[in-house]
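I opened this entry to record what I looked up in the structure, starting with strand pairing and ending with the contacts between chains.

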Protein chains: 4
Amino acid sequence: MTGFDYQNLLVDIATEVERLYGQGKVAAYIPELENIDPKQFAMTLTFLDQDKYSTGVSQQRFSIQSISKVFTLMLAVSEIGEKVYQRVGVEPSGDPFNSLVQLEHEKGLPRNPFINAGAIVVSDVLLSIYDDPLKQLLNFVHDISGSDQVYFDKAVAKSEQLTGHRNYALANFLKSFDRIENPIEDVLDVYFHQCALAMTCEELSAAFLLLANHGKSVFSSNAYLTPSQAKRINSIMQTCGFYDQAGEFTFRVGLPGKSGVGGGIAAIKPGEFSIAVWSPELNQYGNSVLGMKALELFTTATGKSIF
Amino acid sequence: MTGFDYQNLLVDIATEVERLYGQGKVAAYIPELENIDPKQFAMTLTFLDQDKYSTGVSQQRFSIQSISKVFTLMLAVSEIGEKVYQRVGVEPSGDPFNSLVQLEHEKGLPRNPFINAGAIVVSDVLLSIYDDPLKQLLNFVHDISGSDQVYFDKAVAKSEQLTGHRNYALANFLKSFDRIENPIEDVLDVYFHQCALAMTCEELSAAFLLLANHGKSVFSSNAYLTPSQAKRINSIMQTCGFYDQAGEFTFRVGLPGKSGVGGGIAAIKPGEFSIAVWSPELNQYGNSVLGMKALELFTTATGKSIF
Amino acid sequence: MTGFDYQNLLVDIATEVERLYGQGKVAAYIPELENIDPKQFAMTLTFLDQDKYSTGVSQQRFSIQSISKVFTLMLAVSEIGEKVYQRVGVEPSGDPFNSLVQLEHEKGLPRNPFINAGAIVVSDVLLSIYDDPLKQLLNFVHDISGSDQVYFDKAVAKSEQLTGHRNYALANFLKSFDRIENPIEDVLDVYFHQCALAMTCEELSAAFLLLANHGKSVFSSNAYLTPSQAKRINSIMQTCGFYDQAGEFTFRVGLPGKSGVGGGIAAIKPGEFSIAVWSPELNQYGNSVLGMKALELFTTATGKSIF
Amino acid sequence: MTGFDYQNLLVDIATEVERLYGQGKVAAYIPELENIDPKQFAMTLTFLDQDKYSTGVSQQRFSIQSISKVFTLMLAVSEIGEKVYQRVGVEPSGDPFNSLVQLEHEKGLPRNPFINAGAIVVSDVLLSIYDDPLKQLLNFVHDISGSDQVYFDKAVAKSEQLTGHRNYALANFLKSFDRIENPIEDVLDVYFHQCALAMTCEELSAAFLLLANHGKSVFSSNAYLTPSQAKRINSIMQTCGFYDQAGEFTFRVGLPGKSGVGGGIAAIKPGEFSIAVWSPELNQYGNSVLGMKALELFTTATGKSIF
């Protein structure tokens, strides 16, 4: 879209969405999230040619939380390919992200890799592959984001662990169905750390370019995923990426993406660009209020939805 | 895609998928479906400019079954707009299409308009609007398909009614939550008839052009839906159109679409084309075996997926 | 318990429980129940030798509602014996009395004959046995209660039918699992009429003597049930007779019994007596507030619990 | 029942039930249970006056497993009375003993103290009361059984812990609803040890006399429970003591009791006697095949059911 003034558009969107401050609530289950200044907004748009536009605090690091489930899935698929889908399904769940009910009815097979149970199984997959999965994950994120500044926020990981009874329950439940190969403490250590990845909007947008670029890093040129593998991950994001608001996001934004309770959202348009937003206030479904609106305004203004 | 030989592609796809005969089973719950010759295949591709390509028995009429849920939804939205979504949700269900469990947990609000409970509520919406909703529905389908040959197969409608205990249960259950305004017999009469719409692949492909054309009929130029309303319906098809295989279809085909247990599937690429396939043998999820494969081959060959 | 002054005890209990007026709410789903004067109480104790003690409006007829499920079960068992338990289970449900969830998980087999689904199946059993099951049921109740004044309240039956969407849903759902042999309208006609049986406390107490007397009517000497069959029904009352308060009733009263939303409760002590109470105000579980308390006071005062 | 030859009856019953060897399966989830000789049977009947009759290997110790849930409940009630029932319900569950579904629907409140979740909460109650709850539990069992030979089988406790993923899941799930006060490892240590209590039929029968004797130990004369507290526990055993076979046991045996997957069953008749049986082969519901039959034959022969 030659000549389109993306920089101006992003600034206009920021002005528009900042009117929504106060409509949501910051995640409160751990102090590290609860104590964040809610009135923050950032947005970065990166094209495949690395042309980049940002507004707001786009170099402020935040806890990406569930967005990390996309990274661990990518890493697992890059190593063992479609076999990952023998251990987690690819269908939307219709139940809360940390529900045990559906697991019980389906003999412990998680519906998809973006509910907690599914992400825990993916953590287990990584543990079975690597001696040091956290180091490998960090290297991977450094490589695909083109930034070696991304790190695990140890305080967040520790708080996640201390309050993570539901996740301990899920992991033990999965183990009771023989869905976990490694010791539960080790699996959850990977899981709690991945949730604690701290990134900026610029880094996040850069990292998701891999999925817009059919599986190939634009920075290192490493082809981590085949085009088909990238397409699969994009389609799972489309149907399962937004907790119980996947249908709403598909309509309002119309791009495959993934959100986290830290207030971040990353989305892509295949073959074109990656976009990341961050703002800590969440709606009742756990998605960023300003982030959802900003992405909606972006696709409305540019027509760059997939529908 | 100037110069692309779509006719040859469709013929090649037909040859390829016909090897799959015998891998699925024809729907057996009513004699009208059970007694159909399973070894039939048809496919029609129609572009917005009405450029049309067909292969197989594309002028053979079949029972479109659940695909009709898209037509009644379009008609209801064309009349009362977004108010429809106060009566049915837009999120995928994760439960079988005719489950009562989820309804019970959500006080009778159907998760989306493509599960049976949701479609029954949409039938009720039409009954509250029209004196003769079936006549209006037929007129609508005639108009958007450019064919006045489409009809309700009375024998199918009768069989649906006689075996429809689960649907009677759903309708009464909805009524117990005050989710139905009209007499149950009347509502189900609409519902059973819409399922019994008999169409050819050519007619079905033509009718779905409306959704590819942002809500405007390419035949009559009537703008039944706003672009936003059409986009909403497309996004619901993407996340909820294939029973418990929405994620799989999103990946393998990557187009918004809807299937029926008669063996039909219709899908669209916004702004470009509509495509319909038909073959009666179903996989375990109730989707056409040859139809799924044919659409997958089509998007793989042309690159025309939305991902 | 020679010389025990039961008459005085009943009068004392009535005085005590009448302080509870206003703590519950009359059933409001049909006008015939909603319009009843809530401040009424009756209690009748009948020993096997027909020695009888009453207090309050013990000759006032009321709608026995779910208590009738015991009569239809007795009648079905008297005809086809243990075969009844091939069509309904004997275990408590842990779910609301008209839940569809559990049915869905157990392929339509009702957990026990005292949830609505189970009672509907028992109605179906009677329809398969008799040309005129309602006439047979009435004859049976006349015979075991020693009163030919018991009747079906047609206005109540009609109201039950008009508001009975949940029961229509249950019956259709059961039919979809092939658990019902007769036309649904006929089955529900039996069901809605049995719920509308109008009896006095004296008649109800008399009728339950059959179960205290090991299956033999104390009036006609007809042995409707074997001792084992009577014991089975008593044990089902113990574990399933009080909706989601069976455990509470077992503890507080300690007698097998059955309640109805009309405000009646009937209970027995095997080999000794039958006791019936009525008062229309219900607690949150659908059991009579004064009735529960009166029975608790009775067993506490007399020591006549089974525990 | 003066002059009744109980010794002969027990011997006859043993002869009768031993024909059933081979109809069930020994619990196989831990080696200590799996490796037990399945062809063993023992039965002890003890009257309140300590008149005692035994047959079979009645001095052979076995793992009492879930029967221990009655002991911990008694101990908790003896300390804090009815407050225990603010932390666990008293209603039957209708779901498998270790289901998480019901917990999720009821915000983590266990339905009763005899499902695993409920027993884990009772363990937590004991931990909040005592510095050394296992020592207190052992003292209590020694006192009420009149035997200081009862012990925790450490090998069983260790195996329970190693395979107890479902119980870890339950405990963490309860913790996520704030239903557990102490560290999960400590709570489960109590829980796994109590399951590993090793007792003989004679000791078990002796220990249950407390409940037949309205809460007072016949050995030490300590009144651990009030009559009302004992009645409450008896009524919970009646409705919840046999996993998903409580209704069946209530009918066939007609006594309040509790079974364990070690093959033991203990039951009582209030004011009269306590009876314990043991035989390792289990039916599909996890109850001892020979044990169930032996108790049925006993109540049939003596008429000593509560119904």
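**Entry 1: the S6–S7 pair.** I looked up strand S6 of chain A and found that S6(A) pairs with S7(A), residues 264–269, in the antiparallel sense over three bridges. For one register point I took Gly257(A), whose bridge partner in S7(A) is Ala267(A). I note that this is a predicted model.

**Entry 2: what packs on the sheet.** I then checked the helices against these strands. Helix H13 of chain A, residues 289–302, packs on the sheet and touches S1, S7 and S8 of chain A. The direction of H13(A) makes about 145° with that of S8(A). I also looked at helix H10 of chain A, residues 201–212, which lies across S1, S2, S7 and S8 of chain A. H10(A) runs at about 145° to S8(A), the strand covering 273–278.

**Entry 3: the sheet as a whole.** In what order do the strands of the open sheet of chain A stand? I read the order as S2-S1-S8-S7-S6, five strands with antiparallel pairing. S2(A) and S6(A), the latter at 257–259, stand at the edges with a single partner strand each, so one side of each is left without a neighbour in the sheet. Neighbouring strands of this sheet are turned by 5° against each other on average, with direction ignored.

**Entry 4: the S1–S2 hairpin.** I went to the S2 end of the order next. S1(A), residues 42–47, and S2(A) pair in the antiparallel sense over five bridges. Ala42(A) stands opposite Gly56(A), which belongs to S2(A). S1(A) and S2(A) form a hairpin, with four residues between them. In the turn I noted Gln50(A), with a positive phi of about 70°.

Is S2(A) mostly covered or mostly uncovered? I find S2(A), residues 52–56, mostly covered, with four of its five residues buried. I set this beside its place at an edge of the sheet, with a single partner strand.

**Entry 5: chain A in overall terms.** I counted the secondary structure of chain A as 13 helices and eight strands. The radius of gyration of chain A is 18 Å, close to the 19 Å that the globule rule gives for 307 residues, so chain A is as compact as a globular protein of that length. I noted the span of the C-alpha trace along its principal axes as about 55 × 40 × 35 Å. Of the 307 residues of chain A, 61% count as buried. I also looked at contacts in chain A between residues at least 6 apart in sequence; 69% of these join residues at least 24 apart.

**Entry 6: chain A against chain D.** I find 12 residues of chain A in contact with 12 residues of chain D. Which elements of chain A give two or more residues to this side? They are helix H4(A), 101–105, and helix H8(A), 165–176. H8(A) gives the largest share, eight residues. By class, I list five nonpolar, four polar and three charged residues on the side of chain A that touches chain D.

I then superposed the two chains. A turn of 180° and a shift of 0.0 Å along the axis lay chain A on chain D with an RMSD of 0.0 Å. That is the relation of a two-fold axis. The C-alpha of chain A nearest the axis belongs to Ala169(A), 1.9 Å from it. The same surface serves both copies, as 100% of the contact residues of chain A recur in chain D.

**Entry 7: chain A against chain B.** This contact takes 28 residues from chain B and 28 residues from chain A. On the chain B side, helix H11(B), 227–240, and helix H12(B), 246–252, each supply at least two residues. The largest share of that side, eight residues, comes from H11(B). By class, I list 10 nonpolar, 11 polar and seven charged residues on the side of chain B that touches chain A.

Chain B can be laid on chain A by a turn of 180° and a shift of 0.0 Å along the axis, with an RMSD of 0.0 Å. I find that 100% of the interface residues of chain B are also interface residues in chain A, so the copies meet through the same surface.

**Entry 8: pairs without contact.** I checked two further pairs. No contact joins chain A and chain C, and their closest C-alpha atoms lie 10 Å apart. Chain B and chain D do not touch either, with their nearest C-alpha atoms 10 Å apart.

Technical notes. Residues are numbered from 1 along each chain as its sequence is written. Chains are lettered from A and ligands numbered from 1 in the order in which they are written. This is a predicted model: local features need pLDDT of at least 70, side-chain atom pairs count only at pLDDT 80 or more; totals for chains, interfaces and linings use all residues. Two residues are in contact if their C-beta atoms, placed from the backbone, lie within 7 Å. Ala, Val, Leu, Ile, Met, Phe, Trp, Tyr, Cys and Pro count as nonpolar, Asp, Glu, Lys and Arg as charged, and the others, Gly among them, as polar. A residue is buried if 20 or more other C-beta atoms lie within 10 Å of its own, exposed if 12 or fewer, and partly exposed in between; C-beta atoms are placed from the backbone. Two strands pair if DSSP finds at least two bridges between them. Copies are superposed by least squares on the C-alpha atoms of residues with pLDDT of at least 70 in both. Axes are lines fitted to C-alpha atoms, for helices over the stretch in contact, and angles run from 0 to 180 degrees between N-to-C directions. The radius of gyration is taken over C-alpha atoms; the globule rule is 2.2 Å times the number of residues to the power 0.38.
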